[in-house]
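This report describes how the strands and helices of one protein chain are arranged, and how a few chosen residues sit among them.

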Amino acid sequence: MKAVAKKSVLSGHITVPGSKSHTIRALILAAMAEGTSHISNPLPSNDCLSTAAAVKKIGAEVDFGKNENSGVWTVHGAGSSIHLPDSPIDVGNSGSLMYFLCPVLSTLSGECTFTGDESICRRPVNHLVDALCQFGANAKCLNGGETPPFSFCGPIDVNKKLVTEGALSQYISGFMMAASRLNGTLKMELLNPKETPYLTMTKLWLESVGVPVEISEDFKNISVKGPVAFKAFDRAVPSDWEGVAFPLLAALISGSEITIDNVDGSGSQGDDKIVEVLLSAGADIEWKREEEKLVVRGGCRLTTDSLPGKQLEINMSAFPDAICALAVAACFIEGKTVFTDIDICRKKETDRIKAMTSELTKLGAHIVDEGDRLVVYGDGGLSLHGGEVESYKDHRIVMSLACLGLGLKTGEKVIVNDAEWCSVTFPRFFETMNEIGAGFEVD
């Protein structure tokens with residue numbers, strides 16, 4: 001599917017879907033629980049539906065109601081009857097599902113295999129395989145390299161301590177959840193922790209069901225005490241901050257005023273830092289926390305003039321998924337924007353640094369991949385023009401490049417290929433944005 005974006009003015013209210021990160025955690029913990037859980041405002045995206053299918057294979061049941069868009073999912077937990085699947089688990093395109101569920105299943109005796117789509121089977125999992133082996137499981141990649149499919153034979157040993165880089169947070173979160181099934185205290189030492197808000201998110205989820213978790217202030221030491229046979233729960237999934245980023249970006253660069261409703265103010269999603277970043281460059285964003293609203297008023301001059309060294313420096317380690325939206329925003333900021341600690345951004349669905357550098361350059365941006373940092377020389381968007389760009393089948397690249405088109409000069413347009421991949425985290429993205437005037441054309 002191709003999506004065409006051109007100059008538009010937005011207005012009105014928009015609500016983004018529930019958080020993928022919260023939805024997948026909710027599904028897996030509900031599957032581990034005893035009893036029936038109700039998850040409201042779940043994200044009915046491909047990754048979350050893959051998770052629902054996976055937990056069914058290990059003994060849980062998921063009822064979507066009339067359909068997956070019903071707004072409430074009911075999960076009948078497997079609890080103590082959780083078991084290994086009788087066939088490989090296909091995670092589709094979901095790294096979160098793979099990294100969360102694998103450690104949970106490694107607490108069981110027996111062999112299990114994980115695989116996924118073409119993209120997943122290109123993503124190195126050597127850090128996960130190494131962690132499983134450190135905990136006493138027999139794990140290996142089946143192709144002889146470092147990518148899925150991979151298999152492991154448990155159970156892991158709670159008496160062993162994991163020492164790992166920890167730059168990717170997802171497998172650490174997986175072992176935190178797995179620890180609730182083990183008799184003892186699971187300990188992990190992270191040499192280079194990144195994405196730390198997601199570790200906090202997992203901690204809060206586990207504590208909400210009664211699992212004791214300790215994380216050191218520097219996030220380098222984590223311990224989780226088990227076993228805890230927790231009960232089912234009823235929880236509402238907060239809105240997805242990673243999804244909020246796109247209408248927020250679109251309003252700013254198109255000179256529009258919109259209100260984003262149902263905005264999560266809990267602090268459990270690191271991507272809320274995007275507001276602070278954009279405010280520092282002069283954006284007019286009003287966060288009405290008590291009303292759970294963001295009011296975004298575009299049209300202000302975005303500049304680095306008042307910042308130290310007259311440049312905007314953004315460390316991406318805590319919220320790497322925002323790199324695509326912020327790279328586009330940087331093109332509309334007058335001055336130099338420097339993204340640091342970007343290595344984790346290269347290990348997502350694709351190398352997002354390389355991809356965004358390539359596609360933004362096609363559209364006239366002055367952007368340089370320096371290896372350990374990404375530098376954008378913005379000019380308020382004046383040098384940008386239309387063109388046809390690739391999405392690399394990455395949902396965040398789709399949405400960021402489509403939003404860029406809304407800020408172009410009249411007569412210019414951006415054509416985004418493989419635009420259907422936005423459904424990974426934002427189903428009906430184009431339809432929802434069109435309801436506030438985006439004017440996206442899809443074919």
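In strand E9, Ser151 is the bridge partner of Lys140. The model is a predicted one.

**The sheet with E6, E7, E9 and E8**

Lys140 belongs to strand E8, where the side chains alternate. Ala139 and Cys141 point to one face and are buried, while Asn138 and Lys140 point to the other face and are not buried. E8 and E9 run antiparallel and are joined by four bridges.

These two strands are part of an open sheet of four strands, in the order E6-E7-E9-E8, with mixed pairing. E6 and E8 (138-141) stand at the edges with a single partner strand each, so one side of each has no neighbour in the sheet. At the E6 end, two bridges join E6 to strand E7 (residues 110-115), and the two strands run parallel. Ile89 has Phe114 of E7 as its bridge partner. Helix H3 packs on the sheet and touches E6, E7 and strand E9 (150-154). The direction of H3 makes about 175 degrees with that of E7. Helix H4 (residues 126-134) lies across E8 and E9, and runs at about 165 degrees to E8.

**Ser94 and helix H2**

Which elements does the loop holding Ser94 connect? Ser94 lies between strand E6 (89-90) and helix H3 (95-105). Its relative accessibility is 0%, so Ser94 counts as buried. With neighbours within four places in sequence left aside, Ser94 is in contact with Ile24, Asp47 and Ile120.

Asp47 is itself one of the buried residues of helix H2 (residues 46-56). The others listed for H2 are Cys48, Ser50, Thr51, Ala52, Ala54 and Val55. The cover over the buried residues of H2 includes H1, strand E4 (61-63), strand E5 (72-76), E6 and H3.

**The sheet with E2, E15, E17 and E16**

Another open sheet has four strands in the order E2-E15-E17-E16, again with mixed pairing. Strand E2 (11-15) and strand E16 (284-288) are at its edges; each has a single partner strand, so one side of each is left without a neighbour in the sheet. From one strand to the next, the twist averages 15 degrees. Strand E15 (residues 257-261) and strand E17 (residues 293-297) run antiparallel, joined by five bridges. Ile258 has Val296 of E17 as its bridge partner. Helix H7 lies across E2, E15, E16 and E17, running at about 25 degrees to E17.

**Helix pairs**

Two packed helices are described by the angle between their axes and the distance between the axes. The table gives these values for two pairs.

| Helix pair | Angle | Axis distance |
|---|---|---|
| H7 (residues 241-254) and H8 (residues 273-280) | about 25 degrees | 10 Å |
| H1 (residues 20-32) and H6 (residues 196-208) | roughly 35 degrees | within 11 Å |

The angle between H7 and H8 is about 25 degrees, which makes H7 roughly parallel to H8. On the H7 side, the contact is made by Trp241, Ala245, Leu248 and Leu252, and on the H8 side by Ile274, Val275 and Leu278. What is the chemical character of the contact of H7 with H8? Its residues divide into seven nonpolar, no polar and no charged.

The crossing of H1 and H6 is right-handed. H1 contributes Ser21, His22, Arg25, Ala26 and Leu29, which meet Tyr198, Met201, Thr202, Trp205 and Leu206 of H6. The residues in the contact of H1 with H6 divide into six nonpolar, three polar and one charged.

**Met177**

Is Met177 buried or exposed? Met177 is in helix H5 (residues 170-178), and at 1% relative accessibility Met177 counts as buried. Apart from residues up to four places away in sequence, Met177 touches Ile28, Leu29, Met32, Phe100, Val104, Thr202 and Leu206. Leu29 of H1 and both Thr202 and Leu206 of H6 also take part in the contact of those two helices. Val163 is 14 residues from Met177 along the chain, and the C-alpha atoms of the two residues are separated by 17 Å.

Methods: Residues numbered from 1 in each chain as written. Predicted model: local features only at pLDDT ≥ 70, side-chain atom pairs only at ≥ 80, totals over all residues. Heavy atoms only, no water. Buried < 20%, exposed > 50% of the residue type's maximum accessible area, 1.4 Å probe, protein only. Contact = heavy atoms within 4.5 Å. Pairing = 2+ DSSP bridges. Axes fitted to C-alpha atoms, helices over the stretch in contact; angles between N-to-C directions. Parallel < 35°, antiparallel > 145°, perpendicular 65-115°, else oblique. Nonpolar A, V, L, I, M, F, W, Y, C, P; charged D, E, K, R; others polar. Left-handed = near helix turned anticlockwise from the far one by under 90°.
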